[in-house]
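Student: I should like to understand how the terms used for a protein model are justified by its values. May we go through them one at a time?

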Amino acid sequence: MPLYAFTILLSAFLLFLIQPMMAKLILPWFGGSAAVWIMCLVFFQSVLLLGYLYAYAVSRFLRPRAQSFLHIGLLTVSLALLPIAPSESWKPMGGADPTWPILALLTLSIGLPYFLLSATSPLLQAWYARGSQSALPYRLFAFSNAASLLALLAYPVLVEPNAATHTQTILWSVAYAVFSLTCAATAWRVKLETAGPLQPVTEPLPTARRQALWLLLSACGAMLLLSITNHLTQNIAAVPFLWVLPLAIYLVTFIIAFSQRIWIPRALILRLLAVALGSI
């Protein structure tokens, strides 16, 4: 458990520390418009989803030995992309549309490391659940979001005012190398502990209706996050703290939902939902 928890916490911290850091790095190149912040957020949310899909596919369709070798191989390749500082050649020329250059820059600079960080929490939760049949892994997801929240709040308050951008990228790259070693050690441990055949799934799969409901509810949260961020950066100011604030609230909801304690009674949630729907 300690190795799983440390790896997940470190990955989540790095995952959400790189978001405001990278957006701040490219801000002088593409200007401080809301489009820059929104495209960064779209990239991060999209790659986060791809990381979750990768974790699901790997844990669902590959044997433990293949899972370990594949993930260790990707971690090794990602180390070749360090440090994460983007090249000066990405600076735009003239007033061209920044959408595709931003997406290309982020993909080639931090795409693979960010993808692997995104997949860490769900993948290691699946490994932990398989290795500890009686333990529930969901508390690890709450820990993961708590570390993400800490990173988001620490960047505008502690990191940005006290460290130059070059120093930030170097320290982040060193921390990512440490994460890669711990994650590879976890994957190797999984290979050793679960070398036997996969156990058949005994619990019934959720119905198509329930799966569709889950997708719609998660899409509502993501759309609300993007719309509020767009409103803040367009109508108030395109500054990192305002961009971080709605994402921090978004993470708090996951901490509450996946905590083993019931922080908010169901009756109160229903009343708040009625007020929210009535205010639309």
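Student: Among contacts between residues at least 6 apart in sequence, what percentage join residues at least 24 apart?

Tutor: In this predicted model, the share is 85%. A pair of residues enters that count if heavy atoms lie within 4.5 Å.

Student: Which helices and strands does the protein contain?

Tutor: There are nine helices and zero strands. From the N terminus on, the order is α-α-α-α-α-α-α-α-α. Of the 280 residues, 40% count as buried.

Student: Why is the aromatic pair of F43 and Y114 called tilted?

Tutor: The structure holds nine aromatic pairs. For F43 and Y114, the ring centres are 6.3 Å apart and the planes make an angle of 40°. Rings pair if their centres lie within 6.5 Å, and planes under 30 degrees apart would be stacked, over 60 edge-to-face. An angle of 40° fits neither of these, so the pair is tilted.

Student: What makes this a pair that links distant parts of the chain?

Tutor: F43 belongs to helix α2 (residues 34-61) and Y114 to helix α4 (residues 99-131), and the two are 71 residues apart. Ring pairs also link F43, F44 and Y114 into a cluster.

Student: Why do F43 and Y114 count as buried?

Tutor: The term requires under 20% relative accessible area. F43 has 6% relative accessibility, so F43 is buried. Y114 has 1%, and therefore Y114 is buried as well.

Student: Why is the pair of F69 and W188 called edge-to-face?

Tutor: The centre-to-centre distance is 6.1 Å and the angle between the planes is 65°. The cut-off for edge-to-face is over 60 degrees, so the angle of 65° earns the name. This pair joins helix α3 (residues 64-79), which holds F69, to helix α6 (residues 165-193), which holds W188, across 119 residues.

Student: How do you know whether F69 and W188 are buried or exposed?

Tutor: Buried means under 20% and exposed over 50%. F69 stands at 41%, so F69 is partly exposed. W188 also stands at 41% and is therefore partly exposed.

Student: Which residues make the nonpolar surface patch?

Tutor: V252, I256, I264, L268, I269 and L272 make a patch of about 440 Å². Helices α8 (240-258) and α9 (266-278) each give two or more residues, and the largest share, three residues, comes from α9.

Student: What makes L268 eligible for the patch, and why is L268 called partly exposed?

Tutor: L268, in helix α9, has a relative accessible area of 39%. Patch residues need over 30%, so L268 passes that cut-off. The value also falls between 20% and 50%, and therefore L268 is partly exposed.

Methods: Residues are numbered from 1 along each chain as its sequence is written. This is a predicted model: local features need pLDDT of at least 70, side-chain atom pairs count only at pLDDT 80 or more; totals for chains, interfaces and linings use all residues. Side-chain values use heavy atoms; hydrogens and water are left out. Helices (H or I, at least four residues) and strands (E, at least two) are DSSP runs, numbered from the N terminus. Buried means under 20% relative accessible area, exposed over 50%, partly exposed in between (1.4 Å probe, protein chains only). Rings of Phe, Tyr and Trp (its six-membered ring) pair if their centres lie within 6.5 Å; planes under 30 degrees apart count as stacked, over 60 as edge-to-face and the rest as tilted. Patches are made of residues with over 30% relative accessible area and no salt bridge: like charges are joined within 9 Å, nonpolar side chains (Val, Leu, Ile, Met, Phe, Trp, Tyr) within 5 Å. Accessible areas come from the Shrake-Rupley method with a 1.4 Å probe; for residues, only the protein chains shown count as cover. A salt bridge is a side-chain nitrogen of Lys or Arg within 4 Å of a carboxyl oxygen of Asp or Glu.
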